[in-house]
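Here is a short briefing for a newcomer. Start with the picture below, then read on by topic.

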Amino acid sequence: MNKDRWIDYKIFVPSLLIIIGISIPFALYESASLDVLNEIFNYIVEVFSWGYLWYGVILVAAGLYFSFSKYGKVVLGDPAEKPRFTLFEYASILIAMGVGSTIMRTGMLQWTSVANDPPAGVDPGSAEAILWGNAYSMFLWGFQVFAIFVLIAPAMGYILHVRKRPLMRISEACRVLLGDRLTDGWVGKALDILFLVSILMGAAVTLGLGAPIVTYNLSSLFEIEVTYGLTLAVTLIWVALFSLSAYLGIEKGIKRLSTFNMYLAGLFALFIIVLGPGVFILNYFTDSVSFLLSNYVSISLNTDSVYQGQASHIQSNTVFWFAYSATWAMLHSVFAAKISKGRTIKEMILTYFLAPTMISWIATGVLGGLGVHRYLTGEVSVLDLVENEERMAAIPVILSTLPFGELFIGAFIIVALIFLTTTLDSTTYTVAAYTSTSDMSKNEPPRILRIVVAGVITLISLILMRVGGLAPLEVISGLMGLPIIVVQFVLIYAAKKMIDQDLAWKYNIRKNNQV
């Protein structure tokens with residue numbers, strides 16, 4: 001490989017060409033292509049629901065096995081070295097990356113989708129349907145999705161911090177299985193292109209579909225229309241923020257922004273409890289957790305096989321959620337591997353299992369509890385609003401019912417914008433590290449490359465926002481999860497094989513006097 005180049009064009013350029021080739025027909029024939037893709041997705045829901053559900057459960061089991069077996073004590077790096085980040089900093093970065101701004105939307109409104117379309121045998125809008133809604137919203141941010149995000153990380157962390165391989169790529173982690181010829185040949189290139197296509201596509205969709213979380217609150221706050229100009233302005237501010245954070249790097253940018261947002265989001269939730277219906281929120285949170293734990297196995301494995309008719313929201317959305325999460329699995333795992341130097345495999349997996357789950361459940365309890373309270377008291381017709389209006393428009397309406405409602409809307413905008421930023425700055429950084437020709441076991445990706453990646457993501461998203469094609473691209477991102485699932489299981493086996501080959505569970509572990 002030519003070390004004078006700062007980017008590997010052999011994987012970067014083909015990935016861009018594939019995305020352009022996919023996006024053009026979607027933009028030209030958005031409605032027709034969306035119909036076709038939805039038919040394909042509905043077929044997958046009908047035929048493979050059981051497979052996606054078991055996929056999530058199996059990955060949780062694999063994560064627990066890696067954590068509590070001899071593999072869990074393997075250190076990703078020098079056992080005598082301290083971890084790169086404190087536990088709070090480490091957890092904050094993983095939360096910001098894993099949860100992002102999506103929790104701001106699903107936490108407040110996901111319960112409405114289930115309340116309007118509950119499981120078979122439950123009346124829409126009933127008390128039971130509402131409990132199903134919030135419990136399901138918590139389930140979406142539970143152990144299965146974070147198992148999907150983190151289970152590639154042991155292999156990636158091992159090649160980077162233990163074997164000190166220079167390239168931080170999926171193909172490198174598969175070298176132990178594929179051998180040198182296939183890894184350095186077309187198979188390795190295909191794996192790396194698959195990673196880039198899925199991540200660049202997902203990032204463009206996130207940028208395009210994430211802006212309404214902010215724009216509809218700005219519209220309500222300043223009484224202005226939601227126009228393409230407003231969306232463009234918000235997007236460009238957001239791009240500037242995540243580009244700057246990625247440019248500054250993990251220590252000065254991503255870490256600081258992630259930890260700051262944890263404090264800010266915590267204060268925001270506390271003020272909602274204190275100034276809002278705090279007692280109801282705490283009671284409803286307790287009921288939601290109880291309902292979720294009582295029905296966790298049912299939600300995890302239920303396919304409604306004995307009920308005839310259209311799939312309920314829970315059934316169809318769970319399949320899409322797991323499939324869409326799979327497209328992000330490689331990104332999350334590569335980034336988690338990069339920041340996990342000095343952590344054991346057990347610490348890495350369990351932190352990702354527990355920290356984002358805990359924060360997500362609290363956010364869902366507070367934001368969802370506020371929305372449910374306003375619905376039950378009749379202050380806001382939330383279920384009608386999300387069915388008949390733009391869903392994001394319901395958020396400022398709910399927040400405006402609080403004392404100092406405008407301040408809460410403003411705070412929501414700031415927290416959401418920072419969450420959006422911490423999702424894409426880590427994405428930008430990871431894609432830059434992935435495509436760099438520098439030794440990633442020793443260096444950070446070139447700053448100019450981080451800016452180039454940010455520009456590419458922005459350009460794709462802005463074009464699709466303007467001419468159409470984002471909605472079909474979102475569905476195709478979910479469909480791309482199918483091949484990635486196969487890669488996931490291959491990499492889980494690769495991690496085990498590498499550790500066994502090196503006897504790392506015997507030699508690369510902390511001694512009693514090591515921190």
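Two residues are in contact when heavy atoms lie within 4.5 Å of each other. By that rule, Thr183 touches Ser171, Glu172, Cys174, Arg175, Leu178, Gly188 and Lys189, leaving aside residues up to four places away in sequence. The model is predicted. The protein has 21 helices and zero strands.

**Overall build**

- The protein has 515 residues, and a compact globule of that length would have a radius of gyration near 24 Å.
- The protein has 22 Å, which agrees with that expectation.
- Along the principal axes, the C-alpha atoms fill a box of roughly 65 × 50 × 45 Å.
- Contacts between residues at least 6 apart in sequence mostly span long stretches of chain: 85% of them join residues at least 24 apart.

**Surface and charge**

- Of the 515 residues, 59% count as buried.
- The accessible surface comes to about 20,200 Å².
- Carbon and sulfur atoms account for 63% of that surface.
- The protein carries 33 positive and 34 negative charges.
- The mean positions of these two sets of charges are 19 Å apart.

**Thr183, a buried helix residue**

- Thr183 lies in helix H9, which covers residues 175–183.
- Its relative accessible area is 3%, so Thr183 is buried, because the cut-off for that class is under 20%.
- The side chain of Thr183 reaches the backbone oxygen of Gly179 at 2.7 Å.
- Among the residues that Thr183 touches are Arg175 and Leu178, along with Gly188 and Lys189.

**Positive phi in two loops**

- Lys164 is not a glycine, yet it has a positive phi of about 60°.
- Lys164 lies in the loop between helix H7 (153–161) and helix H8 (170–173).
- The relative accessible area of Lys164 is 41%, so this residue is partly exposed.
- Glu223 also has a positive phi without being a glycine, with a value near 55°.
- Glu223 lies in the loop between helix H10 (186–222) and helix H11 (228–275).
- Glu223 has 75% relative accessibility and therefore counts as exposed, since that class begins over 50%.

Key
Residues numbered from 1 in each chain as written. Predicted model: local features only at pLDDT ≥ 70, side-chain atom pairs only at ≥ 80, totals over all residues. Heavy atoms only, no water. Helix = DSSP H or I, 4+ residues; strand = E, 2+ residues; numbered from the N terminus. Rg over C-alpha atoms; globule rule 2.2 N^0.38 Å. Buried < 20%, exposed > 50% of the residue type's maximum accessible area, 1.4 Å probe, protein only. Areas by Shrake-Rupley, 256 points an atom, 1.4 Å probe, with all protein chains shown as cover. Lys, Arg positive; Asp, Glu negative; His and termini not counted. Charge placed at Lys NZ, Arg CZ, Asp CG, Glu CD. Polar contact = N/O pair within 3.5 Å; in protein donor to acceptor, adjacent residues only side chain to side chain.
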